[in-house]
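User: Please take one part of this model and go through it closely, starting from a single side chain and following the contacts outward. I would like a connected account rather than a list.

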Amino acid sequence: MSAVPARRMIAVMVLVPVVVALALWAFAWPAARTAPRELPVGVAGPAAAVTQLERGFEQREGAFDVHRYDDEASARAAVEDRVVYGAVVAGPEGTRLLTASGAGPVVAQLLQEAVTAQAPAGTQVQVTDVAPLPSGDPRGTAPAASALPLTLAGVAAGALVTMSGLRGTRAAATLVGASALVGVTATAITHSWLGVLQGDWWAEAAALSLTVAAPGATVAGFAALLGTPGIGLGALLMVLLGNPFSGAASAPELLPEPVGAIGQWLPPGAGATLLRSVAYFDGRGASAPLLTLSVWAVLGLVAVFVGGRRRAPVLTEEERPAPVPVT
């Protein structure tokens, strides 16, 4: 056996376990360490009652980030604006919990359990869902289930554009067109057919399109600058890191630090947050994920143009080779 095939065999045997270990770490570790970490919650009511509620949350050190509000209306507005995931309101009628299952049913259930555990024995905690999930998706699985397919669609678009030899304007137009068509198709399926989304139809289509365009442009941009290895680098970043770090199945604040924050800086996590905002909160809380996705998409397209010029330089008349005469 020659040296070259032997080295290739060893490289493959070593590389496969390394990739598997990375995938297991990226997917299994955050899932196994799910717990609240500085989870934003609100409290409102009389000063004495609010202080008692704060102490109850502070018993779990580092789990909750408590925000005080003057009254129930202010607390409800904070939940609807996605400032906090829920709020506890103390009043003469008892304790009320405002949740938002649209922000994550796992978080809503966690808050209900935490508040119920703090309540005096025999006290019934009234729960009001200010951003409920649609009847077509009572468990809120749509954002989590769509994260990986949308990421794969973007990676596939970037790879296909590269392998098709498209450069510059043609590559950018193809990426934008493919992303827009994916967004419209996905919205038609999830909103119009399945009924798992309930926001503005075109806002959802735009969010889904941008969620595909950002990883697609990133993969194509890496490939334009680095060649074929750029496709693997982009796929690694988007699929093996971006998807499990997205918090789409729970919430970024339930993932180990700093995984939750990193996930929101990557397109899959920003896309899941943006989709929840437009589907369940009328676009409130969409600014940060919208900016994140836009930056990835724009930088990726810039790299596509820059890399295309480097790989296909425009020759002047003097630099062009003379035609070979036909005899």
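**Aromatic pairs and the packing of α5**

Analyst: With a relative accessibility of 22%, Trp 201 is classed as partly exposed, whereas its neighbour Trp 202, at 59%, is classed as exposed. These values, like all that follow, come from a predicted model. Both residues fall within helix α7, which covers residues 201-226.

The search for aromatic pairs, run over the whole structure, returns four of them. In one of these, the ring centres of Trp 25 and Trp 29 lie 5.7 Å apart with an angle of 15 degrees between the planes, so this pair is stacked. Because Trp 25 and Trp 29 are four residues apart in helix α1 (residues 3-32), about one helical turn separates them. Trp 25 has a relative accessibility of 40% and is therefore partly exposed, and Trp 29, at 29%, also counts as partly exposed. The pair formed by Trp 201 and Trp 202 has another geometry: its ring centres are 4.8 Å apart and its planes stand at 70 degrees, so it is edge-to-face. As for clustering, Trp 25 and Trp 29 join Phe 245 in one aromatic cluster.

From Trp 201 and Trp 202 the account can move along α7 to its partner. Helix α5 (residues 142-163) packs against α7 at about 40 degrees, the two axes being 7 Å apart, and this angle makes α5 oblique to α7. The crossing of these two helices is right-handed. On the α5 side the contact involves Leu 150, Thr 151, Ala 153, Gly 154, Val 155, Gly 158, Ala 159 and Thr 162, and on the α7 side Leu 208, Thr 211, Val 212, Pro 215, Gly 216, Val 219, Ala 220 and Ala 223. By residue class, this contact of α5 with α7 comprises 10 nonpolar and six polar residues, with no charged ones.

Helix α5 also packs against a further helix, α10 (residues 267-280), here at an angle of about 135 degrees and with the axes 10 Å apart. The two helices are therefore again oblique to each other, and α5 passes α10 in a right-handed crossing. The α5 residues involved are Ala 142, Pro 143, Ser 146 and Thr 151, which meet Pro 268, Leu 275, Arg 276 and Tyr 280 of α10. Five residues of the contact between α5 and α10 are nonpolar, two are polar and one is charged. Thr 151 thus takes part in the contacts of α5 with both α7 and α10.

To place this region in the whole, the protein has 11 helices and five strands, and its C-alpha atoms fill a box of roughly 100 × 50 × 35 Å along the principal axes. Of its 327 residues, 44% count as buried. Among contacts with a separation of 6 or more, 71% involve residues 24 or more positions apart.

Val 125 offers a local example of such a separation. This residue lies in the loop between α4 (105-118) and β5 (126-129), and its relative accessibility of 11% places it among the buried residues. Although 29 residues separate Val 125 from Arg 96 in sequence, their C-alpha atoms are 5.7 Å apart in space. Leaving aside residues up to four places away in sequence, Val 125 touches Thr 95, Leu 97, Val 115, Thr 116 and Ala 119.

Methods: Residues numbered from 1 in each chain as written. Predicted model: local features only at pLDDT ≥ 70, side-chain atom pairs only at ≥ 80, totals over all residues. Heavy atoms only, no water. Axes fitted to C-alpha atoms, helices over the stretch in contact; angles between N-to-C directions. Parallel < 35°, antiparallel > 145°, perpendicular 65-115°, else oblique. Left-handed = near helix turned anticlockwise from the far one by under 90°. Contact = heavy atoms within 4.5 Å. Nonpolar A, V, L, I, M, F, W, Y, C, P; charged D, E, K, R; others polar. Phe/Tyr/Trp six-rings, centres within 6.5 Å; stacked < 30°, edge-to-face > 60°. Buried < 20%, exposed > 50% of the residue type's maximum accessible area, 1.4 Å probe, protein only.
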